[in-house]
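The following exercises ask you to locate residues, classify their accessibility and work through charged pairs and a helix packing. Each task is followed by a solution that goes step by step.

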Amino acid sequence: MSTLAIRPRRRVPWARLLATPLSLAIGALAWEIVGQAASVRFFPPLSAVLARLAEMVGNGQILANLGDSLVNLVLGFGISLVGGLVIGAAMGRYRKVEAALGVYVYALLTAPSLVFAPIFFSLLGEGRASIVAVVVTYAMFVIVINTASAMRSVPGHLIEMARSYGASEWQILTRIMLPAATPMIMAGVRLGVGRAVIGMINGEMFIAVVGLGRVVTQAGGRFDGAGVLAVLLVIIAVALAAVGLVQAVDRRLTRWVPQTSKGKS
């Protein structure tokens with residue numbers, strides 16, 4: 001048998017690689033055409049929005065406020081992640097905890113989160129703490145629900161097998177249930193980071209003291225449609241970067257999961 005085995009050539013998925021740039025180009029062209037044809041103040045063409053964005057970046061208006069927004073996002077999402085994983089794991093593992101906390105979690109998940117902004121504003125003042133609290137309200141409960149569901153979906157025979165080998169409750173939780181539930185937990189984390197970006201902007205727009213939300217509010221007050229959409233492009237870029245970071249962590253944590261189980265297309 002020859003030792004020089006011929007390895008099959010890996011096909012480059014050009015169609016998949018080109019799909020996103022092509023879609024973005026079509027969307028940009030459609031925006032430019034509709035904006036030029038409509039000629040309305042609050043929907044300028046893409047070229048005008050990009051020019052306004054370059055102007056705002058040049059005078060430091062974007063970068064200074066982007067830093068404040070990222071701090072709000074990191075603090076709010078970090079608290080949401082830790083709280084969501086701990087509470088969700090406890091609810092998924094222990095029925096009594098779910099019975100005690102489930103009603104609050106589902107009520108707060110379905111309630112419009114922005115209504116809590118005036119409450120946080122009254123309790124915590126007009127500083128960063130109120131905005132971080134709004135971010136937590138948006139992001140944490142979806143992580144709690146997904147983590148609890150993921151823990152409950154772990155096959156019972158895995159837990160029974162661990163018990164038969166004398167595993168403690170802590171070992172079952174950390175070495176059996178959490179690893180098995182990680183793919184579904186990360187799905188909740190991806191949803192949570194998207195909602196965190198929405199909470200960051202809504203909180204900053206309501207409190208209007210720091211961040212990109214304040215820039216949007218000020219631009220809207222001046223009827224500066226190009227300025228509002230320019231900040232929106234920055235917000236979308238922040239959201240995509242945050243989701244991309246979570247997806248990279250997800251791929252690293254779940255690399256043991258077969259590609260067929262991830263729905264490879």
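**Exercise 1.** Determine where Pro13 is placed relative to helix H1, and classify its accessibility.

*Solution.* In this predicted model, Pro13 belongs to the segment before helix H1, which covers residues 14-38. Its relative accessibility is 36%, so Pro13 counts as partly exposed, given that this class lies between 20% and 50%.

**Exercise 2.** Analyse the salt bridge between Arg52 and Asp224: which parts of the chain does the pair tie together, and are the two residues buried or exposed?

*Solution.* Begin with the distance: the side chains of Arg52 and Asp224 meet at 2.9 Å, N to O, and the cut-off for a salt bridge is 4 Å. Next, place the partners: because Arg52 lies in helix H2 (residues 46-58) and Asp224 in the loop between helix H9 and helix H10, the pair ties together parts that are 172 residues apart in sequence. Then compare accessibility with the limit of 20% for buried residues: Arg52, at 15%, counts as buried, and Asp224, with a relative accessible area of 14%, is buried. Finally, widen the view: Arg52 and Asp224 are linked with Glu55 and Arg222 in a network of salt bridges.

**Exercise 3.** Describe how helix H6 and helix H8 pack.

*Solution.* The angle between H6 (residues 128-152) and H8 (residues 169-207) is about 155 degrees, with their axes 6 Å apart. Since angles over 145 degrees count as roughly antiparallel, that is therefore the relation of H6 to H8. The crossing of H6 past H8 is right-handed, and the residues of their contact divide into 21 nonpolar, 9 polar and 2 charged.

Note on methods: Residues are numbered from 1 along each chain as its sequence is written. This is a predicted model: local features need pLDDT of at least 70, side-chain atom pairs count only at pLDDT 80 or more; totals for chains, interfaces and linings use all residues. Side-chain values use heavy atoms; hydrogens and water are left out. Axes are lines fitted to C-alpha atoms, for helices over the stretch in contact, and angles run from 0 to 180 degrees between N-to-C directions. Helices (H or I, at least four residues) and strands (E, at least two) are DSSP runs, numbered from the N terminus. Angles under 35 degrees count as roughly parallel, over 145 as roughly antiparallel, 65 to 115 as roughly perpendicular and the rest as oblique. A crossing is left-handed if the near helix is turned anticlockwise from the far one by less than a right angle, and right-handed if clockwise. Ala, Val, Leu, Ile, Met, Phe, Trp, Tyr, Cys and Pro count as nonpolar, Asp, Glu, Lys and Arg as charged, and the others, Gly among them, as polar. Buried means under 20% relative accessible area, exposed over 50%, partly exposed in between (1.4 Å probe, protein chains only).
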